[in-house]
Amino acid sequence: MSIQLIDCPACGSKISSQAGACPHCGHPIRPQAIPVLQASNSKKKTISCPSCKNVFPAETKWCPECGRKLSAPIPWFIWVLIIGLILKLIGSLIKAGVI
């Protein structure tokens, strides 16, 4: 079986004929697909699907395997900033006697 590029019926992007869903818009193409990358043998930035655990290039927006939207995790320093702001707000509310 040869892999060919086809047009996504939803967005018109060129995609693999083996894809289960369009990696650009998530439109389902066929029920199952072959994973794009193996996590251990790639030096490019990758993203892992939280549902099916397959690994794809970081620029992939939708999982070609299960169709779930992929997004990069929030960096740890953003979480530290958010938690710090929440604690500061709580402290201010306690100091003002609101809580």
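Student: Where in the chain is the place of Thr60?

Tutor: In this predicted model, Thr60 has its place in the loop between strand S4, residues 55-57, and helix H1.

Student: What makes Thr60 count as buried or exposed?

Tutor: The relative accessible area of Thr60 is 11%, and the word buried applies under 20%, so Thr60 is called buried. Thr60 touches Pro23, Ile47 and Leu70, leaving aside residues up to four places away in sequence. A polar atom of the Thr60 side chain also lies 2.9 Å from the backbone oxygen of Pro57.

Student: Why is Gln18 called buried?

Tutor: Gln18 has a relative accessibility of 12%, and because the cut-off for buried is under 20%, Gln18 counts as buried. This residue lies in the loop between strand S2 (14-16) and strand S3 (46-48). Gln18 and Ile29 are eleven residues apart in sequence, and their C-alpha atoms are 8.5 Å apart in space.

Student: How do you know that Cys22 is not bonded to Cys11?

Tutor: A disulfide requires two cysteine sulfur atoms within 2.5 Å, whereas the sulfur of Cys22 is 3.7 Å from the closest cysteine sulfur, that of Cys11, and is therefore too far away for a bond. Cys25 is likewise in no disulfide, its nearest cysteine sulfur, in Cys8, being 3.7 Å away. The search of the whole structure finds zero disulfides.

Student: Which burial classes do Cys22 and Cys25 fall into, and why?

Tutor: With 0% relative accessibility, Cys22 falls under the 20% limit and so counts as buried. Cys25, at 28%, lies between the limits of 20% and 50%, and therefore counts as partly exposed.

Student: Why is the pair of Trp76 and Phe77 given the name that it has?

Tutor: By the rule for ring pairs, the count comes to one aromatic pair. The ring centres of Trp76 and Phe77 are 6.0 Å apart, which is within the 6.5 Å limit, and their planes stand at 90°, which is over 60 degrees, so the pair is called edge-to-face.

Student: What makes Trp76 and Phe77 exposed, partly exposed or buried?

Tutor: Trp76 has 64% relative accessibility, and because the limit for exposed is over 50%, Trp76 counts as exposed. Phe77, at 48%, is not over 50% and not under 20%, so Phe77 counts as partly exposed.

Student: How do you know that the span of H1 is close to what is expected?

Tutor: Helix H1, residues 76-95, has 20 residues and reaches 29 Å from its first C-alpha to its last, which is close to the 28 Å expected at 1.5 Å a residue. H1 is followed by Gly97, whose phi is positive, near 85°.

Student: What makes Lys53 worth a remark, and is this residue buried or exposed?

Tutor: Lys53 has a positive phi of about 65° although it is not a glycine. Its place is in the loop between S3 and S4. The relative accessibility of Lys53 is 58%, and because that is over 50%, Lys53 counts as exposed.

Student: What is the order of the elements, and how much of the protein is buried?

Tutor: The protein has one helix and four strands, running β-β-β-β-α from the N terminus on. Buried residues make up 20% of the 99 residues. The accessible surface comes to about 7400 Å², of which 64% belongs to carbon and sulfur atoms.

Technical notes:
Residues numbered from 1 in each chain as written. Predicted model: local features only at pLDDT ≥ 70, side-chain atom pairs only at ≥ 80, totals over all residues. Heavy atoms only, no water. Helix = DSSP H or I, 4+ residues; strand = E, 2+ residues; numbered from the N terminus. Buried < 20%, exposed > 50% of the residue type's maximum accessible area, 1.4 Å probe, protein only. Areas by Shrake-Rupley, 256 points an atom, 1.4 Å probe, with all protein chains shown as cover. Expected span 1.5 Å × (residues − 1). Phe/Tyr/Trp six-rings, centres within 6.5 Å; stacked < 30°, edge-to-face > 60°. Polar contact = N/O pair within 3.5 Å; in protein donor to acceptor, adjacent residues only side chain to side chain. Contact = heavy atoms within 4.5 Å.
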